[in-house]
Amino acid sequence: MVNGGRIPVLLAGLYDDAAVFPPGLAPLPDAVAAHDDHVSAWYADLVGPLVVAATALGNLAEVLGDRAAPLPVSVTLPGGPAQLDGVLKTVATLPVELDALEIAVPDGMGPDEVLAAIGGATAPVFVEIPRDDRRIPLLRALSGTGHRAKFRTGGVRAELYPDETELAAAVRAAVEAGVPFKATAGLHHALRNTDPETGFEQHGFLNLLLATDAVLHADGDPEALLAERDGAVVASRLRKWDADRAAAVRAGFTSFGTCSITDPLTELTGLGLLETPRGEA
């Protein structure tokens, strides 16, 4: 896994920069400036687009001004597909590169309605999968469409965190449907942990990689892997993967949103899964 500071296949593009969202809540100008720094750093290949809400696009126009190099963004549509036309029109006027759209599913909207409503999207769509009985039908409906799934793995309240059984079932359903997915919220650390301030049980992004692999290759119990807190155990298992296996996992679990890029980077270094180039902090 460690290869002289270059980013391994397993980690490339894993971090979507969600600095403006809780708990980071970075002001948009600061988030844009920091993102530019991240994509100029030695770990640039770890970093995906800056994630912004549809409602922030007006402010983004002021921040970017007449910027020359397009800013890669992923836009969230918490109001659902009804926001899509407005987002696409606004994005077309901005110096941005639209990498993805992350679209919530309103209460009562079924799979067929969702697919029809997002048909005009001009970028890859991550459909935020509801935590109700629409999950399996919606994932099945997304199969073969080129659209992707988005799972919430936490939030500002304890009940927003799915337990190991629920998250493992979501991963299994996505993998079986052949639908790539991203995760957002609550993945603040590499390993499963209990937040010392809130007491929330938080999933680790490395645990989620292991759980995805376990479903793909029928190699281990995804629930147990989501619960594993021993960094040595997790790192040892990851080191055994070759590039093909890592690529297969990442084709399933594409990325996760993080309000900090440097914190998880430090944790990966501490686990020996990433090597900081000589002379870099």
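**Exercise 1.** Which residues of the largest nonpolar core touch the most other members?

*Solution.* The model under study is predicted, and the core is therefore read from computed coordinates, in which buried means under 20% relative accessible area. Of the 83 residues in the largest nonpolar core, those that touch the most other members are Leu60, Val75, Leu101 and Leu206. Helix H7 contributes the largest share of this core, 8 residues. Taking Leu101 as an example, and leaving aside its neighbours within four places in sequence, one finds it in contact with residues including Val75, Leu77, Leu84, Phe126 and Pro124.

**Exercise 2.** Determine which residues of helix H10 are buried, and on which side of the helix they lie.

*Solution.* Within H10, which runs over residues 243-252, the buried residues are Ala246, Val249, Arg250 and Gly252. Because they cover an arc of only 155° around the axis, they are on the same side of H10. Asp244 and Ala251, on the other side of H10, are exposed. The cover over the buried residues of H10 includes strand S7 (181-184), helix H7 (205-217) and strand S10 (253-258). At the start of H10, the backbone nitrogen of Asp244 has a side-chain oxygen of Asp242 within 3.3 Å.

**Exercise 3.** Assess how compact the protein is for its 281 residues.

*Solution.* The protein holds 11 helices and 10 strands. Its radius of gyration is 18 Å, close to the 19 Å of the globule rule, so the protein is as compact as a globular protein of that length. In addition, 50% of the 281 residues count as buried, and, among contacts with a separation of 6 or more, 70% join residues 24 or more positions apart.

How values were computed:
Residues numbered from 1 in each chain as written. Predicted model: local features only at pLDDT ≥ 70, side-chain atom pairs only at ≥ 80, totals over all residues. Heavy atoms only, no water. Buried < 20%, exposed > 50% of the residue type's maximum accessible area, 1.4 Å probe, protein only. Helix = DSSP H or I, 4+ residues; strand = E, 2+ residues; numbered from the N terminus. Arc of directions from axis to C-beta. Contact = heavy atoms within 4.5 Å. Polar contact = N/O pair within 3.5 Å; in protein donor to acceptor, adjacent residues only side chain to side chain. Core = buried A, V, L, I, M, F, W, Y, C linked by side-chain atoms within 4.5 Å. Rg over C-alpha atoms; globule rule 2.2 N^0.38 Å.
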